Amino acid sequence: MSIRLALTERGEQIKLRFIERLRVVVDGNGQEQVTADPPAVSLLNGAEVTILGQGIYQVVETGEVLSSIEPEAP
């Protein structure tokens with residue numbers, strides 16, 4: 001799981017939660033192959049978010065569009 005900052009249409013910063021899932025498949029020869037599923041994205045309050053494109057997201061319930069921003073270094 002990772003947390004990334006996004007900017008709302010109103011100019012507010014919010015946090016998005018990304019849950020990455022890996023899948024391990026063993027083929028007929030016993031070889032393991034690891035693949036990554038697309039991440040599940042949500043707001044920290046649990047609201048579902050869809051990925052529209054590179055760095056562009058939309059809150060499912062409200063339709064609000066979010067843009068990712070890089071977190072500032074500490």
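Colleague: Which residues are in contact with Leu-16, leaving aside its neighbours within four places in sequence?
Modeller: In this predicted model, Leu-16 is in contact with Ser-2, Ile-3, Arg-4, Ala-6, Val-41, Ser-42, Leu-43, Val-49, Tyr-57 and Leu-66. Contact here means heavy atoms within 4.5 Å. The model being predicted, local features need pLDDT of at least 70 and side-chain atom pairs count only at pLDDT 80 or more, while totals for chains, interfaces and linings use all residues. Residues are numbered from 1 along each chain as its sequence is written, and side-chain values use heavy atoms, with hydrogens and water left out.

Colleague: Why is Leu-16 called buried?
Modeller: Buried means under 20% relative accessible area, exposed means over 50%, and partly exposed lies in between (1.4 Å probe, protein chains only). The relative accessibility of Leu-16 is 0%, so this residue counts as buried. Leu-16 is found in strand β2. Its C-alpha is 8.5 Å from that of Val-49, and the two residues are 33 apart in sequence.

Colleague: What makes a set of residues a nonpolar core, and which residues form the largest one in this chain?
Modeller: A nonpolar core is a set of buried Ala, Val, Leu, Ile, Met, Phe, Trp, Tyr and Cys residues joined through side-chain atoms within 4.5 Å. The largest such set has 10 residues: Ala-6, Leu-16, Phe-18, Val-41, Leu-43, Ala-47, Val-49, Tyr-57, Val-59 and Leu-66. At least two residues of this core come from each of β2 (13-26), β3 (32-43) and β5 (56-59).

Colleague: Why does Pro-39 count as partly exposed?
Modeller: Pro-39 has a relative accessibility of 31%, a value in between the two cut-offs, and therefore it is partly exposed. This residue is found in strand β3. Not counting residues up to four places away in sequence, Pro-39 touches Phe-18, Ile-19, Glu-20 and Ile-51. The C-alpha atoms of Pro-39 and Phe-18 are separated by 5.9 Å, although their positions lie 21 residues apart in the numbering.

Colleague: Where is Thr-8 placed, and why is Thr-8 called buried?
Modeller: Thr-8 belongs to the loop between β1 (2-7) and β2. Its relative accessible area is 7%, which is under 20%, so Thr-8 meets the definition of buried. Beyond four places in sequence, Thr-8 touches Ile-14, Glu-64, Val-65 and Leu-66.

Colleague: Is Glu-64 buried or exposed?
Modeller: Glu-64 has 12% relative accessibility and therefore counts as buried. This residue sits in the loop between β5 and β6 (65-69). Leaving aside neighbours within four places in sequence, its contacts include Thr-8, Arg-10 and Tyr-57.

Colleague: How many helices and strands does the chain have?
Modeller: There are zero helices and six strands, in the order β-β-β-β-β-β from the N terminus. Helices (H or I, at least four residues) and strands (E, at least two) are DSSP runs, numbered from the N terminus.

Colleague: What is the radius of gyration of the chain, set against that of a compact globule of 74 residues?
Modeller: The chain has 16 Å, whereas a compact globule of 74 residues would have a value near 11 Å. The radius is taken over C-alpha atoms, and the globule rule is 2.2 Å times the number of residues to the power 0.38. Along its principal axes the C-alpha trace spans about 55 × 35 × 20 Å. Of the 74 residues, 20% count as buried.
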